[in-house]
Amino acid sequence: MTYKEFLDLHAKCVTAMRVYFAVAEKSVVLLAQCTVEPLSPTKRLSLISQEVAEKEAHGTYLDSKRLLHEAALQGYGSLNCP
């Protein structure tokens, strides 16, 4: 892995983190709209869809972070780096 590839991997990790945070914030906004009464079917579907999106974004971030972490531990010049 070259230094440029390492920097690209870092940039992808930062982007994945920001996407995850944005999706998680949207989840929190939806949860803040909850009331004493049960959610309507439409709002339930929105919340469930948002939870799925958040889990996917979190998984993408964790995968990206894992690759960056491995590269950082091994050194970006290592042939064993992803």
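Here are some short exercises on the model above, each with a worked solution.

The model is predicted, so local features need pLDDT of at least 70 and side-chain atom pairs count only at pLDDT 80 or more, while totals for chains, interfaces and linings use all residues. Residues are numbered from 1 along each chain as its sequence is written, and side-chain values use heavy atoms, with hydrogens and water left out.

**Exercise 1. Check the helix lengths**

Task: work out what α1 should span at 1.5 Å a residue, then do the check for α2.

Solution:
- Start with the terms: helices are DSSP runs (H or I, at least four residues; strands are E, at least two), numbered from the N terminus.
- The expected span of a helix is 1.5 Å times one less than its number of residues.
- Helix α1 covers residues 3–32, and its 30 residues should span 44 Å. Its end C-alpha atoms sit 43 Å apart, which agrees.
- Now α2: 34 residues, reaching 50 Å from first C-alpha to last, close to the 50 Å expected.
- Just past the end of α2, take a look at Gly75, which has a positive phi of about 90°.

**Exercise 2. Find what packs between the helices**

Task: list the buried residues of α1 and α2, then say which residues make up the largest nonpolar core.

Solution:
- Get the cut-offs straight: buried means under 20% relative accessible area, exposed means over 50%, and partly exposed is in between (1.4 Å probe, protein chains only).
- In α1, the buried set is Phe6, Leu9, Cys13, Ala16, Tyr20, Val23, Ala24 and Ser27.
- In α2, you should find Leu47, Gln50, Glu54, Ala57, Tyr61, Ser64, Leu68 and Ala71.
- Next, ask what covers them, with contact meaning heavy atoms within 4.5 Å. The cover over the buried residues of α1 includes α2 (41–74), and the cover over those of α2 includes α1.
- For the core, use buried Ala, Val, Leu, Ile, Met, Phe, Trp, Tyr and Cys residues joined through side-chain atoms within 4.5 Å.
- The largest such core has 11 residues: Phe6, Leu9, Cys13, Ala16, Tyr20, Val23, Ala24, Ala57, Tyr61, Leu68 and Ala71. The elements giving two or more residues to this core are α1 and α2, with α1 giving the most, seven residues.

**Exercise 3. Zoom in on two residues**

Task: list the contacts of Tyr20 and Ser64, leaving out neighbours up to four places away in sequence.

Solution:
- Tyr20 is in contact with Glu54, Ala57, His58 and Tyr61.
- Ser64 is in helix α2 and counts as buried because its relative accessibility is 10%.
- Ser64 touches Leu9, Lys12, Cys13 and Ala16.
- One of those partners, Lys12, lies in helix α1 and is exposed, with a relative accessible area of 58%.
- Lys12 also gives you a handy distance check: its C-alpha is 9.0 Å from that of Lys65, although the two are 53 residues apart in sequence.

**Exercise 4. Track down the salt bridges**

Task: how many salt bridges does the structure hold, and which residues form them?

Solution:
- The test is a side-chain nitrogen of Lys or Arg within 4 Å of a carboxyl oxygen of Asp or Glu.
- The count comes to two.
- One pairs Asp8 with Lys4, with the closest N and O atoms 3.1 Å apart. Both are in helix α1, four residues apart, about one turn of the helix.
- On accessibility, Asp8 counts as partly exposed at 35%, while Lys4 is exposed at 57%.
- The other pairs Arg66 with Glu70, at 3.2 Å between the closest N and O atoms. Arg66 and Glu70 are four residues apart in helix α2, so about one helical turn separates them.
- Arg66 is partly exposed at 42%, and Glu70 is partly exposed at 28%.
- Why does the spacing suit a pair? An α-helix has 3.6 residues a turn, so residues three or four places apart point the same way.

**Exercise 5. Look around the helix ends**

Task: place Tyr76 and Lys43, and give the accessibility class of each.

Solution:
- Tyr76 is in the segment after α2 and counts as partly exposed at 36%.
- Lys43 is in helix α2 and is partly exposed at 45%.
- To finish, compare Lys43 with Gln33: they are 10 residues apart along the chain, and their C-alpha atoms are separated by 9.4 Å.
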